[in-house]
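Reader: I have the sequence and the structure open and would like to go through the packing and the charged pairs. Could you take my questions one by one?

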Amino acid sequence: MGEVHVHEFMSLDGAVDAPTWTFDYGFDPRMGEAIGAFTARSGGILLGRKTYKMFEPAWSTRTVEDDPGAPFFNDTTKYVVSATLETATWRNSELLGPYEPEAISVLKQRVDGNLYVSGSATLVRAMLADGLVDALHLFVYPLTRGSGPRLFPEGAPPLKASLAASETYENGVVYLAYRPQH
């Protein structure tokens with residue numbers, strides 16, 4: 001059975017909105033190595049509607065020459081959780097319909113490898129509440145946003161996790177990998 005591995009770019013105060021604010025920090029090549037390590041074990045990409053609609057135009061035309069991550073995003077099957085999206089136009093995409101915890105559990109068993117989730121904060125919060133997230137890969141940037149969607153908003157269920165890995169980068173970003181304790 002595969003696992004759900006969540007990847008988020010996050011501010012110090014927990015904001016996980018569209019990470020345009022990360023551009024000022026550059027992208028340390030070691031960050032790419034860390035992301036590549038967990039995407040390499042992934043047999044599917046699980047996305048919410050908003051992230052899917054943001055990723056499709058950004059990734060669907062990229063080649064490996066543009067970005068070494070392009071083949072993963074374009075060739076790997078993308079499973080999209082959405083109650084409103086009627087068609088998925090990015091190749092290798094499958095609509096799952098509205099969020100159903102049981103459907104995610106079945107998908108974890110069906111996919112060969114892990115399921116990679118990026119962004120998709122609404123989906124991630126629901127899966128955390130339902131105990132479906134097996135690993136959190138957080139890249140914490142040295143700034144606060146003051147506002148914006150949070151991975152752990154006020155009123156979210158408590159979560160205990162164990163640290164699985166950590167790394168610091170020259171640009172001030174800290175990578176923290178946690179395994180939620182179910």
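Reader: Which residues have the most contacts inside the largest nonpolar core?
Author: In this predicted model, those residues are Met31, Phe73, Phe139, Tyr141, Tyr169 and Tyr175. The core has 25 residues.

Reader: Which elements give two or more residues to this core?
Author: They are the helices H1 (29-39), H2 (49-59) and H3 (70-75), together with the strands E2 (42-48), E6 (135-141) and E8 (174-180). H1 gives the most, with 4 residues.

Reader: What is Phe139 in contact with, leaving aside neighbours within four places in sequence?
Author: Its partners are His7, Glu8, Phe9, Met10, Met31, Ala34, Ile35, Phe38, Tyr169, Val173, Val174 and Tyr175.

Reader: How many residues are in the second, separate core?
Author: That core has 23 residues, including Val6, Leu115, Val117 and Val124.

Reader: Changing topic, where does Phe152 lie?
Author: Phe152 is in the loop between E6 and strand E7 (161-168). Not counting residues up to four places away in sequence, Phe152 touches Leu128, Leu136 and Leu159. The C-alpha atoms of Phe152 and Leu128 are separated by 9.5 Å, and the two residues are 24 apart along the chain.

Reader: Why is Phe152 classed as partly exposed?
Author: Its relative accessible area is 39%, and partly exposed covers the range between under 20% for buried and over 50% for exposed.

Reader: Now the charges. How many salt bridges does a search of the whole structure find?
Author: The search finds 8 salt bridges. One of them joins the side chains of Glu3 and Arg179, at 2.7 Å from N to O. This pair links distant parts of the chain, 176 residues apart: Glu3 is in the segment before strand E1 (4-11), and Arg179 is in strand E8. Glu3 is partly exposed at 23% relative accessibility, and Arg179 is partly exposed at 30%.

Reader: What does the salt bridge of Arg145 and Asp17 tie together?
Author: Arg145 lies in the loop between E6 and E7 and Asp17 in the loop between E1 and H1, so their pairing ties together parts that are 128 residues apart in sequence. The N to O distance is 3.2 Å.

Reader: And where are Arg91 and Asp75?
Author: Arg91 is in the loop between strand E3 (78-81) and strand E4 (93-97), and Asp75 is in helix H3, 16 residues apart. Their side chains meet in a salt bridge at 3.0 Å, N to O. Arg91 is partly exposed at 47% relative accessible area, and Asp75 is partly exposed at 46%.

Key: Residues numbered from 1 in each chain as written. Predicted model: local features only at pLDDT ≥ 70, side-chain atom pairs only at ≥ 80, totals over all residues. Heavy atoms only, no water. Core = buried A, V, L, I, M, F, W, Y, C linked by side-chain atoms within 4.5 Å. Buried < 20%, exposed > 50% of the residue type's maximum accessible area, 1.4 Å probe, protein only. Contact = heavy atoms within 4.5 Å. Salt bridge = Lys/Arg side-chain N within 4 Å of Asp/Glu carboxyl O.
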